[in-house]
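Biologist: Hey, can you walk me through this one? I'd like to begin with a side-chain contact and then hop around.

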Amino acid sequence: MSRASDHAYDKIRAHLLSGAVKPGEQLTEDQLAQVTGVSRTPVREAVRRLEGEMLLVRSESKRIFVADWSRDDIDEMFTLRQMLEGHAAERAARRLKRDEIDRLEAVNRELHDAVDHDPPDVARFLDANRTFHEIITEAAHSPRLGQVLAMLVEAPVVLRTARSYSVEDLKQSARDHDELIAAFRAHDPDWARAVMGSHLRRAFHTFAGSAE
């Protein structure tokens, strides 16, 4: 990939994840060239890459659309996350060192502070939540797992999930993290997997309920 196409990829990806465009909305190469400030050739390369990440889709007539996930798509995405992040939590419970668990605790205090803000600071919550889950994935010491999870975790549907949360949903998410930390301190992989599984399944039902 050229430097221009890398730049286009980063700018378009950020544009999609920001919520500035709606699921199912049509985009053109000219629009994306304006967003990125580069010519259409690197935009085409970036679009192909984003299609591979399921952030953009192309119709039979070759028109470009923001991916619009069906209920089945969403269910499958959360099921895959439940399986993969449950596995990551299980592996991390055997490997996390005390200083890494201390860092998880510090990040989760930041998340609690974001939730306790009036109104809750969702952007800060998302940043802390992303960091929390990244620490767990890194501690699993599985590069392949990390690559697959990166695509699922950054899907627009995940960001929309957090924006669908009520204050109580946000507080419950923080409490789930507290229990995960307790499982990691106990070095109990079964407990860690179980908590991660219920944490993600609850997120699915929150999103699915708000999308109905």
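Biologist: Which side chain does the side chain of Glu 85 make a polar contact with?

Modeller: The side chain of His 133, at 2.8 Å or less would be a vague way to put it, so here is the value: 2.7 Å. Put plainly, the two side chains are 2.7 Å apart at that polar contact (a pair of N or O atoms within 3.5 Å; within protein, one must be able to donate a hydrogen and the other to accept it, and residues adjacent in sequence count only if both atoms are side-chain atoms). This is a predicted model, where local features need pLDDT of at least 70, side-chain atom pairs count only at pLDDT 80 or more, and totals for chains, interfaces and linings use all residues. Residues are numbered from 1 along each chain as its sequence is written, and side-chain values use heavy atoms, with hydrogens and water left out.

Biologist: Is Glu 85 buried or exposed?

Modeller: Glu 85 counts as buried because its relative accessibility is 2% (buried is under 20% relative accessible area, exposed over 50%, partly exposed in between, with a 1.4 Å probe and protein chains only). Glu 85 sits in helix 4 (helices are DSSP runs of H or I with at least four residues, strands are E runs of at least two, and both are numbered from the N terminus).

Biologist: What else does Glu 85 touch?

Modeller: Leaving out residues up to four places away in sequence, Glu 85 touches His 133, Leu 149, Val 153, Met 196 and Leu 200. Contact here means heavy atoms within 4.5 Å.

Biologist: His 133 again! Which residues does His 199 touch?

Modeller: His 133 is on that list too, along with Ser 173, Asp 176 and His 177, again skipping residues up to four places away in sequence. The side chain of His 199 makes a polar contact of 2.8 Å with the side chain of Asp 176, and another of 3.5 Å with the side chain of His 177.

Biologist: Where is His 199, and is it buried or exposed?

Modeller: His 199 belongs to helix 10, residues 189-211. His 199 has 6% relative accessibility, so it counts as buried.

Biologist: Back to helix 4. At what angle do helix 4 and helix 7 cross?

Modeller: At roughly 145°, with the axes of helix 4 (residues 71-95) and helix 7 (residues 143-153) coming within 10 Å. Axes are lines fitted to C-alpha atoms, for helices over the stretch in contact, and angles run from 0 to 180 degrees between N-to-C directions. The crossing of helix 4 and helix 7 is left-handed (the near helix is turned anticlockwise from the far one by less than a right angle; clockwise would be right-handed).

Biologist: Which residues make that contact?

Modeller: From helix 4 they are Met 77, Leu 80, Arg 81, Leu 84, Glu 85, His 87 and Ala 88, and from helix 7 Leu 145, Val 148, Leu 149, Leu 152 and Val 153. They divide into nine nonpolar, one polar and two charged (Ala, Val, Leu, Ile, Met, Phe, Trp, Tyr, Cys and Pro count as nonpolar, Asp, Glu, Lys and Arg as charged, and the others, Gly among them, as polar).

Biologist: New pair. How do helix 6 and helix 9 pack?

Modeller: Their angle is about 25° and their axes are 12 Å apart. That is why helix 6 is roughly parallel to helix 9 (under 35 degrees is roughly parallel, over 145 roughly antiparallel, 65 to 115 roughly perpendicular and the rest oblique). The residues of this contact split into seven nonpolar, four polar and no charged.

Biologist: And which residues of helix 6 are in it?

Modeller: Phe 125, Asn 129, Phe 132, His 133 and Ile 136, so to speak the helix 6 side.

Biologist: Any odd backbone spots? What joins Asp 118 and Pro 119?

Modeller: A cis peptide bond, with omega about 0°. Pro 119 lies in the loop between helix 5 (98-116) and helix 6 (122-139). Most residues other than glycine have a negative phi, and most peptide bonds are trans.

Biologist: What about phi of Lys 62?

Modeller: Lys 62 isn't a glycine, but its phi is positive, near 75°. Lys 62 lies in the loop between strand 2 (56-58) and strand 3 (64-66), and it counts as exposed because its relative accessibility is 59%.

Biologist: And where is His 187?

Modeller: In the loop between helix 9 (167-185) and helix 10. His 187 also has a positive phi, about 50°.
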